[in-house]
Amino acid sequence: MAWTKYQLFLAGLMLTTGSINTLSAKWADMFSAPGCYGTQDHSFSHPFVQAVGMFLGELSCLVVFHILLCYDRRKPEPTMEPGQSFNPLLFLPPALCDMLGTSIMYIALNMTSASSFQMLRGAVIIFTGLLSVAFLGRRLQPSQWIGILITIFGLVVVGLSDFLYGHGNDSHKLSEVITGDLLIIMAQIIVSVQMVLEEKFVYKHNVHPLKAVGTEGFFGFVILSLLLIPMFYIHVGSFADNPRQVLEDALDAFCQIGHKPLIMLALLGNTVSIAFFNFAGISVTKEISATTRMVLDSLRTLVIWVVSLALGWEKFQGLQILGFIILLVGTALYNGLHKPLMDKLPCCHREQRAEEGDTPERERLIGGGKATQES
């Protein structure tokens with residue numbers, strides 16, 4: 001089923017803002033500045049502070065929602081659909097998944113290379129696809145399953161390129177890299193649960209995307225901000241990359257920002273981009289599917305790789321070209337870009353029509369439309 005112009009806009013918005021979000025987070029991690037307590041220059045390694053900033057961006061969506069709703073109600077003929085009323089606690093489980101998964105990924109990103117991080121994040125497609133079929137009753141065409149597998153294989157090839165030819169300027173120990181990789185895979189399982197929960201709740205209760213993102217952001221911002229207090233006193237030794245070796249030293253982060261204001265610019269880029277990224281992402285979940293959202297999220301690797309090469313953050317590896325080609329083929333298969341070619345072949349055209357049942361409703365259900373639930 002062909003995407004509408006609105007769905008294409010959402011996909012483009014998600015891809016662009018998602019790339020900016022990752023690049024700005026990486027930019028912040030590259031800074032070094034003095035901290036509190038008279039400490040010397042050290043790297044800005046504050047994953048939980050960055051996660052709080054991310055949830056602040058999500059929370060801003062709730063403010064924008066109410067502003068737009070008030071403005072629309074003043075019109076002679078309101079056009080904005082606020083969605084059904086719902087219990088905000090319905091979004092507490094996906095918000096907790098978002099908080100836990102994001103925090104783990106920020107920690108892992110400081111322990112392993114960016115290429116490994118990008119490669120292993122592709123594992124979320126497998127978990128999301130399986131959970132969508134098992135718990136949402138979705139049905140994927142064989143070509144979509146093949147597209148997902150090819151996309152994952154492309155991510156593996158890209159990550160394998162850096163593994164074979166070196167990690168550039170990374171100075172991580174092998175034990176840190178392995179721990180970081182395991183944490184990333186763990187986070188993808190959590191994120192896939194979040195995506196399926198969002199798809200189920202958003203479709204069932206017809207929640208406005210801005211309100212859904214803002215509600216999750218509210219829970220995540222409040223809970224994680226409160227958790228920063230005990231984290232300030234939890235000693236974790238060499239696991240933490242801050243002078244006091246605690247789980248998170250928020251005061252040290254603010255001192256570093258004061259000494260180098262460019263860090264604040266990077267954090268603001270992360271906060272603003274995540275607001276638009278999550279709005280586009282949850283809109284894609286509602287308008288298309290959770291699995292499509294994961295495929296688009298994986299495509300951020302292409303943009304991030306190109307920009308990183310242009311900025312000199314990574315070294316060019318020839319094997320990555322093969323990986324990117326595989327990624328494009330897998331995405332094309334999943335999104336049905338091969339169907340126009342098959343339609344030109346009478347035999348394939350008849351088989352395809354027989355498989356889909358020649359009904360628009362069936363095509364919508366299995367061709368990437370809104371996810372449906374079986375009673």
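Lys-75 counts as partly exposed in this predicted model, with a relative accessibility of 35%. Its side chain meets that of Asp-72 in a salt bridge, with 3.9 Å from N to O. The partner lies on the other side of the burial cut-off: Asp-72 has a relative accessible area of 4% and is therefore buried, since buried means under 20%. A search of the whole structure finds two salt bridges. Besides the pair just described, Arg-244 forms a salt bridge with Asp-249, and here the closest N and O atoms are 3.6 Å apart. Arg-244, at 28% relative accessibility, counts as partly exposed, whereas Asp-249 is buried at 0%. For readers following along in the structure, each of these pairs thus joins a partly exposed basic residue, Lys-75 or Arg-244, to a buried aspartate, Asp-72 or Asp-249.

Attention can now turn to how the helices pack. Two packed helices are described by the angle between their axes and the distance between those axes. Helix α1, spanning residues 5–29, packs against helix α12, which covers residues 300–311. The angle of this pair is about 50°, and the axes are 9 Å apart. That angle makes α1 oblique to α12, because it falls outside the ranges set for roughly parallel (under 35 degrees), roughly perpendicular (65 to 115) and roughly antiparallel (over 145). The crossing of α1 past α12 is right-handed. On the α1 side, the residues that meet α12 are Leu-15, Gly-18, Ser-19, Asn-21, Thr-22, Leu-23 and Lys-26. Facing them in α12 are Arg-300, Val-303, Ile-304, Val-307 and Ser-308. Sorted by class, this contact has five nonpolar, five polar and two charged residues.

A second helix pair is formed by α2 (residues 47–73) and α8 (residues 209–231). The axes of α2 and α8 come within 7 Å and cross at roughly 145°. In this case the crossing is left-handed. The residues of the contact of α2 with α8 divide into 18 nonpolar, five polar and three charged.

Several individual residues help to show how separate parts of the chain come together. Asp-252 belongs to helix α9, which runs over residues 250–259, and is buried with a relative accessible area of 0%. Although Asp-252 and Pro-34 are 218 residues apart along the chain, their C-alpha atoms are separated by 8.6 Å. Leaving aside neighbours within four places in sequence, Asp-252 is in contact with Gly-35, Cys-36, Thr-39, His-42, His-46 and Pro-243.

Thr-271 has its place in helix α10, residues 262–287. At 15% relative accessibility, Thr-271 counts as buried, because the cut-off is under 20%. With neighbours within four places in sequence again left aside, Thr-271 is in contact with Gly-53, Leu-56 and Gly-57.

Finally, Leu-155 is located in helix α6, which comprises residues 142–165. Leu-155 is buried, having a relative accessible area of 1%. The C-alpha atoms of Leu-155 and Phe-324 are separated by 7.8 Å, while the two residues lie 169 residues apart along the chain.

Terms used: Residues are numbered from 1 along each chain as its sequence is written. This is a predicted model: local features need pLDDT of at least 70, side-chain atom pairs count only at pLDDT 80 or more; totals for chains, interfaces and linings use all residues. Side-chain values use heavy atoms; hydrogens and water are left out. Axes are lines fitted to C-alpha atoms, for helices over the stretch in contact, and angles run from 0 to 180 degrees between N-to-C directions. Helices (H or I, at least four residues) and strands (E, at least two) are DSSP runs, numbered from the N terminus. A crossing is left-handed if the near helix is turned anticlockwise from the far one by less than a right angle, and right-handed if clockwise. Contact means heavy atoms within 4.5 Å. Ala, Val, Leu, Ile, Met, Phe, Trp, Tyr, Cys and Pro count as nonpolar, Asp, Glu, Lys and Arg as charged, and the others, Gly among them, as polar. A salt bridge is a side-chain nitrogen of Lys or Arg within 4 Å of a carboxyl oxygen of Asp or Glu. Buried means under 20% relative accessible area, exposed over 50%, partly exposed in between (1.4 Å probe, protein chains only).
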